[in-house]
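Good morning, colleagues. I should like to take a few minutes to present one model and the way its helices pack.

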Amino acid sequence: MAAAHTPETSWRESATGYLFLAPWLIGFFGLTLGPALVSLYLSFTDYDLLSNPRWVGAANYVRIATSDPKFSAAMHVTFLYVALSVPLKLAFALLVAMMLNRGLRGLPLYRAIFYLPSLIGASVAVSVLWRQVFSGDGLLNQALKLVGIHGPSWISNPDTALYTLVALAVWQFGSPMIIFLAGLRQIPKDVYEAAEIDGASRSQQFWRITLPLLTPVLFFNLVVQTIDAFKAFTPAFIISGGTGGPIDSTLFYTLYLYQEAFAYFRMGYASALAWVLVVIIAVFTALSFLTSRYWVHYDG
């Protein structure tokens, strides 16, 4: 016989539910929404951590739009990084996922090995290692010497420094690779068998079957990796020593924001930069969703 549902038991059930929700509520309001609202307010002030914030209206945003050459340089570097790293990472991840999807022995081991860089790739230790690999007497140039090539100091050359960071980003292809692999496993094998009977080549099967059926997964990876690329910070900070050099060639947007906030203590201006980045990411995400109706194919 079920217990009677009294107001007292109802209150206890509600209290238990709120108790389990409490960690998330505290985290959301205390660590996400609260700081975000404070940052929005500070973006309209002149604040240096030592004195009270002084209301300046939209002056910070006007400066960003009209008279900050560093902002333009950071935007150029960040957009170039996103445009290069995201397609290359997704292409490499898809290529490896297709190789692993052929039924290799020891697939869990390969999957773990390829996923490992995604776990440690953004760490300080790996960034330091990356700097050693691409330095003037680093591992890459030592290897090039074996074939008679004298390579430059890749991270000290403004023409090549950004590309070392792109290479580091592509090396962290494990996360999208795992998602691509799961998507490939969902494609029915009888579709490929029917295509082979009709005489379709491997190339035709990829472009006519694999890629169209994989577009929902590709769309998800594209959005997530684009947001991650806009937020990239640690590799540029470590490899450039926090300067964004040489000659601002690795001045990521987040690194410039960090410099304004914690090197020059212009918290108000840094908050305005942060909100501009939020808007940029929101616009790119919205455009991705708006254009997805033309190239993402869902079953049914």
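I shall speak about the core, then one helix within its surroundings, and then two helix pairs.

Please keep in mind throughout that this is a predicted model.

Let me begin with the core. The largest nonpolar core comprises 61 residues. Those with the most contacts inside it are Phe71, Tyr81, Phe180, Phe252, Tyr253 and Leu273. Which helix gives the most to this core? That is helix 3, residues 69-100, with 13 residues.

Leu273 deserves a moment of its own. Leaving aside residues up to four places away in sequence, Leu273 touches Ile64, Phe71, Tyr253, Tyr256, Leu257 and Glu260.

Several of those names lead us to helix 13, residues 253-263. Helix 13 is mostly covered, with eight of its eleven residues buried. The buried residues are Tyr253, Thr254, Leu255, Tyr256, Leu257, Gln259, Glu260 and Ala261. What covers them? The cover includes helix 3, helix 11, helix 12 (234-239) and helix 14 (267-295). Just after helix 13, Phe265 adopts a positive phi of about 55°.

I turn now to the first helix pair. Helix 8 spans residues 174-185 and helix 11 spans residues 215-230; their axes come within 10 Å and cross at roughly 170°. Angles over 145 degrees count as roughly antiparallel, and helix 8 and helix 11 are therefore roughly antiparallel to each other. The crossing of helix 8 past helix 11 is right-handed. On the side of helix 8, the contact is made by Pro176, Ile179, Phe180 and Gly183; helix 11 supplies Val217, Leu218, Phe220, Asn221 and Gln225. By class, these residues divide into six nonpolar, three polar and no charged. Phe180, I would add, is also among the residues with the most contacts inside the largest nonpolar core.

The second pair is helix 9, residues 189-197, with helix 10, residues 202-213. Here the axes come within 11 Å and cross at roughly 145°. Helix 9 likewise passes helix 10 in a right-handed crossing. Val191, Tyr192, Ala195 and Glu196 of helix 9 meet Gln205, Ile209 and Thr210 of helix 10. What classes of residue make up this contact? There are four nonpolar, two polar and one charged.

To close, I would return to helix 13, where eight of eleven residues are buried, and to Leu273, whose contacts include Tyr253, Tyr256, Leu257 and Glu260. Thank you for your attention.

Note on methods
Residues numbered from 1 in each chain as written. Predicted model: local features only at pLDDT ≥ 70, side-chain atom pairs only at ≥ 80, totals over all residues. Heavy atoms only, no water. Core = buried A, V, L, I, M, F, W, Y, C linked by side-chain atoms within 4.5 Å. Buried < 20%, exposed > 50% of the residue type's maximum accessible area, 1.4 Å probe, protein only. Helix = DSSP H or I, 4+ residues; strand = E, 2+ residues; numbered from the N terminus. Contact = heavy atoms within 4.5 Å. Axes fitted to C-alpha atoms, helices over the stretch in contact; angles between N-to-C directions. Parallel < 35°, antiparallel > 145°, perpendicular 65-115°, else oblique. Left-handed = near helix turned anticlockwise from the far one by under 90°. Nonpolar A, V, L, I, M, F, W, Y, C, P; charged D, E, K, R; others polar.
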